[in-house]
Amino acid sequence: MNLYRSARAVAGASGDDAVDWRSAAEAAKAATDAGSLELAPGEREAYARDVREARAGIREVSGATFDVPDTIEIQNRHHWIDANVATFERVMAPIESHTEAFPGVARTINTGTMTVLLSFLGRNVLGQYDPLLLADRPTDDHALYFVRPNILNAAAALEVDPNRFRRWIAFHEVTHAAEFGAAPWLSDHLERRMERGIDSLADGSFDKATFRELDAAMTVVEGYAELLMDHAFDDEYADLRRKLDARRQGRGPLQRLFRRLLGLGLKQRQYERGKNFFEHVVRIRDLETASRVWEQPEALPSHDELDAPETWVRRIER
């Protein structure tokens with residue numbers, strides 16, 4: 001970690017855009033310890049085996065036909081930053097085009113802000129299924145990442161077996177591959193709402209309806225993944241969830257602030273709300289009924305239906 005090099009990269013931000021993304025990535029990596037990628041004998045195969053067995057288990061319980069991405073990477077923190085800076089750039093592009101006064105000063109501040117966010121996420125993300133939303137080439141293959149140093153650090157902090165913890169992360173990320181595989185329309189559905197919402201922010205307004213739709217869709221994505229993982233995972237996991245929740249609650253004020261700024265508190269609420277919705281549907285019907293959310297965009301529960309699962313069940317069974 002080299003904080004001087006990080007500050008120098010931010011101070012040297014240049015170009016015509018609101019954020020100098022190359023400098024942001026360089027500064028974030030300078031401020032973040034990459035972590036070790038020295039794999040133990042058989043560890044690479046263990047990651048691959050976890051993904052294969054997660055795919056088999058999730059296919060069996062869900063009945064969904066899907067495959068895992070061709071791109072499966074075991075990363076250090078710098079690899080994750082490099083892989084995600086392009087995603088941040090795509091999402092921010094409409095807002096960047098509306099940068100106004102003092103562009104040089106704004107560029108330095110914006111680049112510094114993105115540096116902090118990329119560095120924070122790079123130290124905390126465990127695994128990631130990347131559907132490459134808003135990609136220039138939508139035919140590009142989706143990707144699956146595991147940030148090995150973060151997985152090992154989290155397992156040690158939680159005092160759990162790192163192999164079981166790694167496997168749990170693999171099952172969670174592969175459930176997302178199952179969702180996008182079962183619903184080929186899902187990427188376009190999310191992209192259109194992201195684009196509308198971002199365009200409204202770039203114009204200085206807030207499209208509440210669009211963001212409610214996006215929040216509802218992401219709640220379904222996260223909640224169904226939690227449900228499917230519970231049915232497919234082939235080991236005990238209650239202690240993992242309990243310890244992770246306790247760790248989140250025990251974070252310091254600065255970390256809690258970053259999580260709020262990054263929307264990670266919202267993501268946790270999506271996990272919980274979505275899981276409650278699907279558990280209720282399975283309790284009054286079954287997993288097959290719950291899986292009908294992926295039949296077509298119109299089958300997704302609305303924002304209000306997420307809190308009234310019986311209403312969604314009645315609608316979907318008409």
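This text goes through a predicted model of a protein chain, from the whole chain down to single residues.

The protein chain has 318 residues, and 50% of them count as buried. Its secondary structure comes to 14 helices and 3 strands. Contacts can also be sorted by how far apart the partners are in sequence. Among contacts in the chain with a separation of 6 or more, 78% are between residues 24 or more positions apart.

The interior comes next. In soluble globular proteins, nonpolar side chains tend to be buried together. In this model the largest nonpolar core has 57 residues, and Phe165 and Trp294 have the most contacts inside it. Helix H9 gives the most to this core, with 10 residues. A second core, separate from it, has 15 residues, including Ile81, Val85, Phe88 and Met114.

Trp294 can be followed further. Leaving out residues up to four places away in sequence, Trp294 touches Glu179, Ala182, Ala183, Trp185, Leu186, Val220, Val221, Tyr224 and Leu300. One of these, Tyr224, also belongs to the contact between helices H3 and H9.

How do these two helices lie relative to each other? The axes of H3 (residues 43-62) and H9 (residues 208-232) come within 9 Å and cross at roughly 100 degrees. An angle from 65 to 115 degrees counts as roughly perpendicular, so H3 and H9 are roughly perpendicular to each other. On the H3 side the contact is made by Gly57, Ile58, Val61 and Ser62, and on the H9 side by Tyr224, Leu228, His231 and Ala232. Of the residues in this contact, 5 are nonpolar, 3 are polar and none is charged.

Arg166 leads to another part of H3. Arg166 itself lies in helix H7, which covers residues 162-182. Is Arg166 buried or exposed? Its relative accessible area is 7%, and buried means under 20%, so Arg166 is buried. The side chain of Arg166 is joined to that of Asp50 by a polar contact of 2.7 Å. Asp50 falls within helix H3 (residues 43-62). Besides Asp50, Arg166 touches Ala46, Tyr47 and Ile151, when residues up to four places away in sequence are not counted.

A second arginine, Arg196, can be read in the same manner. Arg196 is found in helix H8, residues 186-202. Arg196 has 38% relative accessibility and therefore counts as partly exposed. Apart from residues up to four places away in sequence, Arg196 touches Thr210 and Glu213. With Thr210 there is a polar contact between the two side chains, at 3.4 Å. Thr210 and Glu213 fall within helix H9 (residues 208-232). Arg196 and Asp207 are 11 residues apart along the chain, and their C-alpha atoms are separated by 7.8 Å.

The last residue is in a strand. Ile72 has its place in strand S1, residues 71-75. With 37% relative accessibility, Ile72 counts as partly exposed. Which residues is Ile72 in contact with, leaving aside its neighbours within four places in sequence? They are Val51, Leu144 and Phe146. Val51 falls within helix H3 (residues 43-62). Ile72 can also be compared in position with His142: the two are 70 residues apart in sequence, and their C-alpha atoms are 9.3 Å apart in space.

Technical notes. Residues are numbered from 1 along each chain as its sequence is written. This is a predicted model: local features need pLDDT of at least 70, side-chain atom pairs count only at pLDDT 80 or more; totals for chains, interfaces and linings use all residues. Side-chain values use heavy atoms; hydrogens and water are left out. Helices (H or I, at least four residues) and strands (E, at least two) are DSSP runs, numbered from the N terminus. Buried means under 20% relative accessible area, exposed over 50%, partly exposed in between (1.4 Å probe, protein chains only). Contact means heavy atoms within 4.5 Å. A polar contact is a pair of N or O atoms within 3.5 Å; within protein, one must be able to donate a hydrogen and the other to accept it, and residues adjacent in sequence count only if both atoms are side-chain atoms. Axes are lines fitted to C-alpha atoms, for helices over the stretch in contact, and angles run from 0 to 180 degrees between N-to-C directions. Angles under 35 degrees count as roughly parallel, over 145 as roughly antiparallel, 65 to 115 as roughly perpendicular and the rest as oblique. Ala, Val, Leu, Ile, Met, Phe, Trp, Tyr, Cys and Pro count as nonpolar, Asp, Glu, Lys and Arg as charged, and the others, Gly among them, as polar. A nonpolar core is a set of buried Ala, Val, Leu, Ile, Met, Phe, Trp, Tyr and Cys residues joined through side-chain atoms within 4.5 Å.
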